[in-house]
Amino acid sequence: MSSRPAPPHEPVLPAAQPPEEHTGIHVGSPSHAAAGLPAVLSSLNHVFGQAGVVRGTEALLKLNQKNGFDCPSCAWPDPDDHRAPAEFCENGAKAIAAEATTRKATRDFFARYSITELAAESDYWLEQQGRLVEPMLLEAGGTHYKPVSWDQAFQIISTELNQLPSPDDGVFYTSGRASNEAAFLYQLFVRQFGTNNLPDCSNMCHESSGCALKATVGVGKGTVRLDDFAQADTILVVGQNPGTNHPRMLSTLQAAVRKGAKVIAVNPLIEPGLLGFKHPQEVSGMMGLSTKLTTQYLQVKVNGDMALFRGIAKALLALEEASPGKVLDDTFLRQHTTGFAEYATLVRQTSWSEIVDGSGIAQEEIEKLARQLAGGQKRVISCWAMGLTQHRNAVATIQEVTHVHLMLGALGRPGAGLCPVRGHSNVQGDRTMGIFEKMPDAFLDKLGQVFSFNPPRHHGYDVVMAIKAMHESPGKVFIGLGGNFLSATPDTEFTATALRNCHLTAQVSTKLNRSHLITGKRALILPCLGRSEMDYQSGMPQFVTVEDSMSVVHMSQGNLRPASDKLLSETMIVARIAEATLAKQTSVPWTQLASNYDLIREKIEAVIPGFENFNERVRRPGGFYLPNGARELTFDTPARKATFIANALQSVQPEPGQFLLQTLRSHDQFNTTVYGLHDRYRGISNERRIIFLNPEDLRGLGILPLRPVDITSHWQGQTRLARNFLAIPYDMPRGSAAAYFPEANVLVPVDSTAEQSNTPTSKSVIITVAPAASA
Ligand SMILES: Nc1nc2c(c(=O)[nH]1)N[C@H]1C(S)=C(S)[C@@H](COP(=O)(O)OP(=O)(O)OC[C@H]3O[C@@H](n4cnc5c(=O)[nH]c(N)nc54)[C@H](O)[C@@H]3O)O[C@H]1N2
Ligand SMILES: Nc1nc2c(c(=O)[nH]1)N[C@H]1C(S)=C(S)[C@@H](COP(=O)(O)OP(=O)(O)OC[C@H]3O[C@@H](n4cnc5c(=O)[nH]c(N)nc54)[C@H](O)[C@@H]3O)O[C@H]1N2
Ligand SMILES: [Mo]
């Protein structure tokens, strides 16, 4: 028998991972403070370089102003009262530069490059190609995207969706930049189509915070407002790198420090942005004088926070025993909480050695912190982000943070409370609008009543469930309202197979990314307006609304000329998909709603509590706060009280020779969007394929700094490999490691998720490191 000869050109699948080459690293020493003149120069470079001076200045003048548009870079709130003429940060400016760019990925561009060729380029290169300007279709078996009309695009989506064996074979992803109006219509469409398959980026982000807080204080959102910071005695910044990811938070921290607050950082890495801050809008800051931010820096082990907060609770109990009635807030505990006795017993049973081993922090350091928290007015604010949420025990860890607040009564009074710092600028609003695979019945009842239909009740897929479902059963349809599903999710190669198994993948996007290249049998790019752009419907200017991290709902109106006259607003794209797909099965006047966003807001008001007089109140400068029970000390928990949850102490323990890898952001990226190749504060230039390790650990491995290494992750007998990363010694605890997302996502096992929230454990990946095989 003769075997068939291989075809001359074996078809090459487009690469799911960015190329493994290095870009030419330069390592300097990490900074001692964030912002200052380099930040201002970097902002202007990005904005004027991409958008030109006129368009760039036009955009910056409206950024975060009450009559302008909301910065798409993070969810940190804007001041309620006074706004500076430049109410933005370096990284907000980069986000605007990326959107306002005059570069365009036109039909000629797509004719020039096959998807395989595009996928061989880096994420940075893809980002540099500019705005998507017209709908594009990749036909089955096609190698190149080709232009398609909007009508045809909606027709393809409706045909594919209506051919599915069940509505549950549709997967409808949302990234947290979608406006309230687009998100509300989207979830309505998906539920009228017949499924709750609404995975969103939150599933990979603050889902753990939502789960933890819902159970302890009855609301899955933070309880503080911006003005609380000026009244706080102590502000904990835990598992968060605000210098890069929420730079405007540094002005808030600086103001608090000047009023006498102590800021305490809990982070395995020394993050320069937490050490000091040079306010770019103050003369002293521009001259390089920095305000010292942190008074205590606890270099916790990766995944050691649950042990640390258990330790704080233990130290508080000891202080209370020494001075009864002085430390714990007895009245608060009695009136507003339940479960304290049981929790206190558990804390007493936890030994100091378990706490110190688990956290990597000495008992004296923890006791010192406890004394600080218990001193003064006990006005404590705890802020946290991905350093807490992306671990197996994330929910229990965040509950442990909450317990400390409950013991001190540091909740629902000025200067005190819980502050999960959200990522995407409207991720919190999207959830309020119903982007959730398991919305409560009260929401579904009301939605059904207002729109006269029976919303499906069975829960849908979250992100991880969606990946597995697409992987296991081919033939699904995936629609992404923004985002970059392939690169943002864990286990890149596994997710790539999942997407390739789909009949159709369609992405509503502004910029080119890897999810456009790793596709289903057919694929669509649906280009939309960005937030900075004017949105006219039926000749009338429209605005959208968003909700920030502190539950302020406010308007956002772009002022730039759109990158192309073929772009549609996200809201209109959703409406047209719905109209084409549901046809006669719906009585919702989709395109009529999308022609006047006030009409959508009327429907939001009818369905969702807290939006009374929405259209009127949102037009007031600065918007309005949504109600927050926990802030008012009314707790929507089964016991109607804030609830202590006695979780057994746990942590991920790598074996000897293994490390615990966290995947994090560099200074020059927004999630999967790579603006540049530098990580200025950490002293890294021109390279992303790096792994930070403790210098002693590196020496122990016999690996010299800057040598290439291969990283293998270990999970239940499986291994995953990421090749050719440069080893960088960095100030961090032994046994811990760090590498950038999304390059390291290939190492995150799809099955390794947080208990309850099902969030991928992107901050605790067990790895081994060895000299690169190719070196
Ligand atoms: N410029 C810019 N802004 C952004 C983003 C961006 O990519 N770029 N992304 C946005 C989004 S969606 C989000 S969610 C936020 C993310 O904001 P962050 O959560 O600040 O982002 P990460 O880079 O993931 O940083 C996690 C921090 O946690 C620390 N850490 C890691 N593991 C642990 C641990 O076990 N314990 C503790 N205590 N700390 C740990 C890391 O050292 C790092 O300082 O930022 C938002 N804003
Ligand atoms: N390993 C690891 N993985 C992670 C994380 C981590 O820390 N480590 N963090 C996780 C977190 S916190 C998050 S939030 C997710 C992020 O996951 P996603 O939200 O899916 O990813 P982004 O990179 O923010 O999406 C970028 C794309 O959004 C599109 N876009 C930008 N602006 C707009 C717009 O206005 N409208 C529309 N429709 N599209 C737009 C652009 O095409 C751009 O390429 O990633 C998660 N993945
Ligand atoms: Mo996020």
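**Sheets, cores and a ligand site in a predicted model**

Five strands, in the order β12-β9-β8-β14-β15, make up an open sheet with parallel pairing. The model described here is a predicted one. At the two edges of this sheet sit β12 (294–298) and β15 (417–420), each of which pairs on one side only. From one strand to the next, the twist averages 15°. Further in, strand β9 (residues 262–266) runs parallel to β12 and is joined to it by four bridges. Within this pair of strands, I264 stands opposite Q296 in β12.

Helices accompany the five-stranded sheet. Helix α9 (residues 207–217) packs on it, touching β14 (380–384) and β15, and the direction of α9 makes about 160° with that of β15. Helix α11 (residues 248–258) lies across three strands, β8 (234–238), β9 and β14, and runs at about 150° to β8.

A second arrangement of strands is also worth a look. Here three strands form an open sheet in the order β2-β10-β11, and the pairing is mixed. Its edge strands are β2 (34–35) and β11 (291–292), each pairing on one side only. Strand β10 (residues 276–278) pairs with β11 in the antiparallel sense, over two bridges, and F277 stands opposite T291 in β11. In general, the strands of a sheet pair through backbone hydrogen bonds, in either a parallel or an antiparallel way.

Turning to the interior, the largest nonpolar core comprises 64 residues, and F189, L524 and L526 have the most contacts inside it. Helix α8 (residues 180–193) gives the most to this core, contributing eight residues. Apart from this core lies another, of 51 residues, which includes L308, A344, V401 and M407. The surroundings of L524 can be followed residue by residue: leaving aside residues up to four places away in sequence, L524 touches M136, L137, V148, A153, I156, I157, L504, T505, A506 and Q507. As a general tendency, nonpolar side chains in soluble globular proteins are buried together.

Finally, the model includes a ligand site that can be described atom by atom. Ligand 2 is surrounded by 30 residues, of which Y173, S175, A488, E570 and T672 are the closest. A polar atom in the side chain of Y173 lies 2.6 Å from an oxygen atom of ligand 2. The backbone takes part as well, with a polar backbone atom of A488 found 2.6 Å from a nitrogen atom of the ligand. For N671, an N or O atom of the side chain is 3.1 Å from an oxygen atom of ligand 2.

Methods
Residues numbered from 1 in each chain as written. Chains lettered and ligands numbered in written order. Predicted model: local features only at pLDDT ≥ 70, side-chain atom pairs only at ≥ 80, totals over all residues. Heavy atoms only, no water. Pairing = 2+ DSSP bridges. Core = buried A, V, L, I, M, F, W, Y, C linked by side-chain atoms within 4.5 Å. Buried < 20%, exposed > 50% of the residue type's maximum accessible area, 1.4 Å probe, protein only. Contact = heavy atoms within 4.5 Å. Axes fitted to C-alpha atoms, helices over the stretch in contact; angles between N-to-C directions. Near = heavy atom within 4 Å. Polar contact = N/O pair within 3.5 Å; in protein donor to acceptor, adjacent residues only side chain to side chain.
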